[in-house]
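Got the viewer open? Let's take a walk through this one, stop by stop, with something to select each time.

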Amino acid sequence: MIEIQNLNVYIKDNHILKNVNVTLPEKQITCIIGPSGCGKSTLLRTLNRLIDTTEEVRLEGRIMVDGQDSLGHDAEVTELRRKIGLVSQRPCPLPMSIFDNVAYGCRINKMFKKRRELIYHVRQNLRAVGLLDEIKGRIRTPAARLSIGQQQRLCLARSLAVQPAYILADEATSALDPISAKTVEDLFVKLKEEYSIIMVTHTLRQALRIADNVVFMYLGEIIESGPAEQVFHHPQHELTQKYLAGAFS
Amino acid sequence: MLVLTLFSVLFVAVMFVGLYLKSAPVLEGKSVWTLLTASEWRPMKGEFGFFPFITGTLWATMVAILLALPVSLLTAIYLTEYAKPVVKKFVFPALDILAGLPSVIYGVWGVLVIVPWISQRVAPHFVEFSTGYTVMAAGIVLGVMVIPLLVSLFIEIFSSVPKELREASLSLGATRWQTTRRVVLRQTLPGIMASTVLAISRAMGETIAVLMVCGCVIGVPHGLLDACYPLPALIANNYGEMLSMPLYESALMFAALILFVVVLIFNLLSRMVLYRIEKKNA
Ligand SMILES: Nc1ncnc2c1ncn2[C@@H]1O[C@H](COP(=O)(O)OP(=O)(O)OP(=O)(O)O)[C@@H](O)[C@H]1O
Ligand SMILES: [Mg+2]
């Protein structure tokens with residue numbers, strides 16, 4: 001479980017995230033929605049501390065990940081990032097073979113001693129995203145040769161391979177063709193049995209289809225959050241109503 | 001565009017032919033192989049052995065690159081992957097200035113600082129006496145000269161690596177150094193090699209700075225503390241006086257031809273390696 005408490009994020013002198021308080025439950029899909037520029041990506045990047053790579057950023061508040069403050073001074077950032085996987089908007093295969101892409105994180109985290117175990121694990125994760133059969137015989141070829149949709153599934157397999165508990169997805173299907181998008185979306189639904197998934201999406205239809213929980217953000221604030229059914233069908237806040245109405249019509 | 005490309009290719013060919021014709025007289029007397037491997041250099045008697053100059057060139061260049069490559073790589077990595085923007089703001093202009101300094105300045109610096117340092121501090125540990133005008137001095141001066149060039153090239157190459165790629169690696173729990181080593185360096189390997197070849201070509205062709213510190217003693221250098229006499233220095237030093245001896249002029253032209261061919265071979269080799277790497281990755 002991730003509990004965000006009084007989170008404030010400043011970049012340079014801009015107040016990007018304003019007093020964010022929300023709990024992201026386990027083994028469910030939480031969709032973050034909101035207009036462009038409201039801070040959705042920033043929130044995701046704060047969760048796995050990728051925000052650290054941004055210049056002149058200041059973080060306040062606490063993010064309790066399984067009971068430990070990930071913003072604390074003693075937080076192990078690399079371990080945190082292993083635990084919270086990220087799938088980005090544009091698939092971004094590493095400059096190496098398909099196999100090495102998936103094996104990369106395992107090698108970094110020294111997960112296996114025996115080569116045989118590593119190979120088995122890599123194949124397992126490629127199978128989980130439905131790639132293993134598609135790429136038969138090409139596992140040692142450069143990942144860049146895959147189609148965009150396949151690349152995105154490879155990125156997902158790569159994230160799964162380091163055995164995270166959470167998966168962040170930032171518009172992970174928006175750069176894909178409709179069929180690939182559907183495949184990846186279905187994968188997320190399947191994966192929520194084992195992982196807690198937090199995804200940003202611009203397609204409300206998608207959120208409607210797969211979200212268990214919804215967080216609506218506006219100008220850096222969380223306006224409303226709760227079970228999907230409630231937020232979509234009985235929105236409490238006027239802004240949420242407007243946003244849903246505008247986007248649905 | 002095509003015309004211009006053809007023109008530049010043609011230009012290289014014309015230069016080659018020109019140098020070849022000019023060096024024909026010296027080639028008439030002896031075979032190319034003899035000229036390249038002989039060590040005797042007596043212009044008066046018509047004996048021209050280029051081996052000392054070729055080895056001198058290779059030695060100085062090798063020392064320079066061995067020195068410059070790690071320093072430049074680490075500097076560029078630090079500046080692109082670790083340094084705060086403030087640091088970059090001061091270092092980048094400084095690099096540009098260093099890269100633009102005339103080579104004679106580096107030569108003067110070598111004579112005033114490096115040569116005495118070698119002669120007084122380094123050499124006494126190994127040999128009885130050294131003037132300091134050595135392979136080592138030439139290598140250091142050349143190395144320092146190509147560092148700004150290499151650093152600028154490397155920075156440009158590393159900056160071209162998309163941010164998302166680094167973030168993909170970091171997201172899997174990699175440290176910054178692991179990301180640099182396994183992703184950034186891997187992605188940019190072809191560029192790093194191409195830049196290195198460029199630096200090697202620069203170092204091989206550099207004349208004035210080397211001439212000032214290499215010692216200009218004809219002989220095959222056997223170590224860092226021997227003097228050397230690279231090809232460009234040979235040409236520059238003797239170009240005026242050789243006019244009286246036709247064979248001498250021809251010999252110097254042949255020296256230029258050797259330099260030309262060596263640099264060309266280097267570039268072609270690197271092209272081939274680059275092509276291989278790119279084909280493997282794409
Ligand atoms: N590195 C940065 N420097 C300055 N401002 C930034 C930086 N990164 C993000 N911002 C600002 O933070 C705000 C939130 O950005 P963010 O990318 O989180 O929005 P978003 O909700 O993901 O938008 P989109 O839906 O378009 O992806 C924006 O106003 C943006 O301009
Ligand atoms: Mg975004």
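Before we start clicking, one term: two strands count as paired if DSSP finds at least two bridges between them. With that in hand, pick A:C31 and look across to strand β8 of chain A, where its bridge partner is A:M199. Keep in mind that you're looking at a predicted model.

**Stop 1: strand β8 of chain A**

Select residues 196-200 of chain A, which make up strand β8. This strand has company. Strand β3 (residues 29-33) of chain A runs parallel to β8(A), with 4 bridges between the two. Now add residues 166-170 of chain A: that's strand β7, also parallel to β8(A), and here there are 5 bridges. To find your way along that pairing, click A:D170, which sits opposite A:V200 in β8(A).

Show the side chains next. In a regular strand, side chains alternate between the two faces of the sheet. Here A:S196, A:I198 and A:V200 point one way, while A:I197 and A:M199 point the other. Is β8(A) enclosed or left open? With 5 of its 5 residues buried, the strand is largely enclosed by the rest of the structure.

**Stop 2: the open sheet in chain A**

Move on to the open sheet of 4 strands, ordered β2-β1-β4-β5 in chain A, with antiparallel pairing. Its edges are β2 (14-24) and β5 (68-69), and each has a single partner strand, so one side of each is left without a neighbour in the sheet. For a look at one pairing inside the sheet, select residues 2-11 and 57-65 of chain A: strands β1 and β4 run antiparallel and are joined by 8 bridges. A handy landmark is A:E3, whose bridge partner in β4(A) is A:M64.

**Stop 3: chain B**

Hide chain A and colour chain B by secondary structure. You should find 11 helices and 2 strands, in the order α-α-β-β-α-α-α-α-α-α-α-α-α. Its C-alpha trace spans about 70 × 55 × 30 Å along the principal axes. Of the 282 residues in chain B, 44% are buried. Switch on the surface and you have about 14,800 Å² exposed, 71% of it supplied by carbon and sulfur atoms.

**Stop 4: confidence**

Finally, recolour chain B by pLDDT. The average is 91, and 99% of the residues score at least 70. Select residues 51-82 of chain B for helix α3, where confidence is highest at a mean of 96, then residues 246-281 for helix α11, where it is lowest at 86. As for the complex, the predictor gives an ipTM of 0.92 and a pTM of 0.89.

Note on methods:
Residues numbered from 1 in each chain as written. Chains lettered and ligands numbered in written order. Predicted model: local features only at pLDDT ≥ 70, side-chain atom pairs only at ≥ 80, totals over all residues. Heavy atoms only, no water. Buried < 20%, exposed > 50% of the residue type's maximum accessible area, 1.4 Å probe, protein only. Areas by Shrake-Rupley, 256 points an atom, 1.4 Å probe, with all protein chains shown as cover. pLDDT = per-residue confidence, 0-100.
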